[in-house]
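This report introduces a single protein chain to a reader who has not met it before. It considers salt bridges, cysteines and the confidence of the model in turn.

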Amino acid sequence: MHDATRALLRLWDVTDDAVAHLTADDWALPLIPSGSPGAVAAAVLGTGGRDVTDLVTHLTGVHYAGPERLREALAEAHDRAERTALSSAPTGRVLEAQCLDMCLHTHDLHEALGIELDPGVAGPAALEACRLVSEFVPRLLARSTPRATCLRLLVRARPGGPVEIDRTVRVGDGPAVPTAEVDADADAFLLLLSGRRPVGELVEQGRVAWSGRTAASLVGV
């Protein structure tokens, strides 16, 4: 089984566990809104609703259900994901999209509940999601800066780990050699672009580094 598929199922595990322990009040806890002023991708990488109930409803596809039915429906969705992984595991863009969806929704749920999500749990799935997100970086740069430019994007599975994604992004008639660079672990890159973590916090943690005006536009500085 692909490492990203295992990581995807691990995200289902921690989400299922978190929902199993929700109290009556937890269901109404608000999701932390994405869309900070510098989050150029926030509209694409949005939350699953306004509160925990909305998010679990989104994950299960069951509407207008009470807490117990939503718990059951989430367990059923988890089982379906496991069966699919064993019989015909997703690959390519489908796997990348599923990893992106679960990485952000798992983060949003844990954030609402005040539970720290271990970056190591999300790392392999986040890396797979970044393969998809990196395809949108030229479009994001075109929106965030009017200049023709060239940027190098480096993404690692974990902080300080080896580079797994090394992509040169050229916009317009920009130079062939990058004049700016963003270097981040995969989980941090997703949280940054979606507005779920401020760049200053991620820089202090050693999870994001950047240089150049174009990179500043991308990270929202």
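Is Glu72 buried, partly exposed or exposed? In this predicted model, Glu72 has a relative accessible area of 44% and is therefore partly exposed.

**Salt bridges**

The structure contains 17 salt bridges. Side chains of opposite charge can pair when their charged atoms come close. Three of these pairs are set out below.

| Pair | Closest N to O distance |
|---|---|
| Arg69 and Glu72 | 3.7 Å |
| Asp108 and Arg196 | 2.7 Å |
| Glu128 and Arg131 | 3.5 Å |

The partner of Glu72 is Arg69, which is likewise partly exposed, with a relative accessibility of 33%. Both residues belong to helix 3 (residues 67–88); because they are three residues apart there, about one helical turn separates them.

A similar spacing occurs in helix 5 (residues 119–133), where Glu128 and Arg131 lie three residues apart, or about one turn of the helix. Glu128 has a relative accessible area of 9% and is therefore buried, whereas Arg131, at 29%, is partly exposed. Elsewhere, salt bridges with shared partners connect Arg93, Glu96, Glu135 and Arg167 in one network.

The salt bridge between Asp108 and Arg196 joins distant parts of the chain, its residues being 88 positions apart. Asp108 is in helix 4 (residues 92–113), while Arg196 is in the loop between helix 7 (186–193) and helix 8 (199–204). Both Asp108 and Arg196 are buried.

**Cysteines**

A disulfide is a covalent bond between the sulfur atoms of two cysteines. A search of the whole structure identifies zero disulfides. Cys103 takes part in none, its nearest cysteine sulfur being that of Cys99, 6.0 Å away; this distance is not within the 2.5 Å that a disulfide requires. Cys103 has a relative accessibility of 5% and so counts as buried. Cys150 is also in no disulfide, and the nearest cysteine sulfur, belonging to Cys130, lies 19 Å away. With a relative accessibility of 1%, Cys150 counts as buried.

**Confidence of the model**

The average pLDDT of the chain is 86, and 91% of the residues score at least 70. Among the elements of the chain, strand 3 (residues 180–185) has the highest mean pLDDT, 94, and helix 6 (residues 137–144) the lowest, 80. Across residues 34–44 the pLDDT is below 50. In the model, this stretch makes 25 contacts beyond near neighbours in sequence.

How values were computed
Residues are numbered from 1 along each chain as its sequence is written. Side-chain values use heavy atoms; hydrogens and water are left out. Buried means under 20% relative accessible area, exposed over 50%, partly exposed in between (1.4 Å probe, protein chains only). pLDDT is the predictor's confidence in each residue, from 0 to 100. Helices (H or I, at least four residues) and strands (E, at least two) are DSSP runs, numbered from the N terminus. Contact means heavy atoms within 4.5 Å. A salt bridge is a side-chain nitrogen of Lys or Arg within 4 Å of a carboxyl oxygen of Asp or Glu.
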